[in-house]
Amino acid sequence: GCSITLLVMLALTASAASPREIIVEVTSIAASTRPADQRGEAPVELDPRLAPFSKNLKSLFAYDVYTFIDKDRSKIELGKAGVFRLPEHFSLEVAPEQIKPGGADMIEMLVTLFREKPERTGKGTQRTEEREVVLRTKIRLKNGGTVLLGGPPIRGGVLVLALSARG
């Protein structure tokens with residue numbers, strides 16, 4: 001029993017000593033549905049830049065049109081948080097917590113979607129930004145994998161986020 005505990009402690013101290021960086025990539029996608037009279041048998045319209053996600057988008061969501069909005073990439077140290085600006089006053093905070101080794105390394109992240117609420121105070125022009133939490137969830141994904149998150153309504157559709165991480 002003792003030797004196993006010792007090995008675990010050694011593994012923990014080794015990973016704590018060298019800060020590991022996770023490369024996180026967030027792709028913002030606008031997903032929308034055509035008006036009923038235009039639907040018919042028309043195929044799903046998919047922006048060519050979204051090709052890597054096409055199979056999963058079509059199987060997870062039932063929209064007709066998927067439009068690429070933006071792609072952002074950042075290196076985030078384990079235990080720290082990175083913020084990604086999203087369209088229409090939204091932002092995404094990604095905090096990689098740990099990499100769990102196994103057959104395939106799993107990256108565990110705390111993901112928080114915020115809506116920025118501009119606020120005016122008094123009669124002056126001073127504004128303070130207030131953030132409202134729209135969604136907070138823990139995500140586990142394979143090292144190098146991608147997860148799709150269905151987000152809030154935007155532009156007559158919804159915001160879908162493709163979140164990739166590799167350490």
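Start with strands S8 and S9 in this predicted model: the two pair in the antiparallel sense, over 7 bridges. To check the register, pick Gly 150 and look across into S9, where its bridge partner is Val 160. Next, slide along to the turn of this hairpin, which leaves 2 residues between the strands. Click on Arg 155 there and look at its backbone: phi is positive, near 40°.

Now for the inside. Select Val 24, Leu 92, Met 109 and Leu 163, and show their side chains. These are the residues with the most contacts inside the largest nonpolar core, a set of 24 residues. Which elements give two or more residues to this core? Colour them one by one: S1 (21-32), S3 (65-77), S4 (82-86), S5 (90-100), S6 (106-120), S7 (127-142), S8 (146-154) and S9 (157-166). As background, nonpolar side chains in soluble globular proteins tend to be buried together.

Keep Leu 163 selected and expand to its contacts. Leaving aside residues up to four places away in sequence, Leu 163 touches Val 24, Glu 25 and Val 26, and also Leu 92 and Val 94. The same contact list holds Met 109, Val 111, Ile 139 and Leu 141, then Gly 145, Thr 146 and Val 147. Before moving on, select Ala 31, Tyr 66, Phe 68 and Ala 162: they are among the 12 residues of a second, separate core.

Glu 25 turned up in that contact list, and it makes a good next stop. Is Glu 25 buried or exposed? It is buried, at a relative accessible area of 14%. Show Lys 71 and Arg 73 alongside, and you have a network of salt bridges linking these two with Glu 25. Put a distance label on each pair:

- Glu 25 to Lys 71 is a salt bridge of 3.6 Å, N to O. Glu 25 sits in S1 and Lys 71 in S3, 46 residues apart. Lys 71 is partly exposed, with 47% relative accessible area.
- Glu 25 to Arg 73 is a salt bridge too, with the closest N and O atoms 2.5 Å apart. Arg 73 lies in S3 and Glu 25 in S1, so this pair ties together parts 48 residues apart in sequence.

How many salt bridges does the structure hold? There are 11. For another one, jump to Arg 34 and Glu 45, whose closest N and O atoms are 3.3 Å apart. Arg 34 is in the loop between S1 and helix H2 (36-39), while Glu 45 belongs to S2 (residues 45-46), so the bridge ties together parts 11 residues apart in sequence. Toggle the surface here: Arg 34 is buried, with a relative accessible area of 9%, whereas Glu 45 counts as partly exposed at 44%.

The last stop is Asp 47, in the loop between S2 and helix H3 (54-60). Asp 47 counts as buried because its relative accessible area is 13%, under the 20% cut-off. What does its side chain reach at 3.3 Å? Draw the line to the backbone nitrogen of Phe 68. Then show the contacts of Asp 47 beyond four places in sequence, and you should find Tyr 66, Thr 67 and Phe 68. Two of those names will look familiar: Tyr 66 and Phe 68 are included in the second core.

Technical notes: Residues numbered from 1 in each chain as written. Predicted model: local features only at pLDDT ≥ 70, side-chain atom pairs only at ≥ 80, totals over all residues. Heavy atoms only, no water. Core = buried A, V, L, I, M, F, W, Y, C linked by side-chain atoms within 4.5 Å. Buried < 20%, exposed > 50% of the residue type's maximum accessible area, 1.4 Å probe, protein only. Helix = DSSP H or I, 4+ residues; strand = E, 2+ residues; numbered from the N terminus. Contact = heavy atoms within 4.5 Å. Salt bridge = Lys/Arg side-chain N within 4 Å of Asp/Glu carboxyl O. Polar contact = N/O pair within 3.5 Å; in protein donor to acceptor, adjacent residues only side chain to side chain. Pairing = 2+ DSSP bridges.
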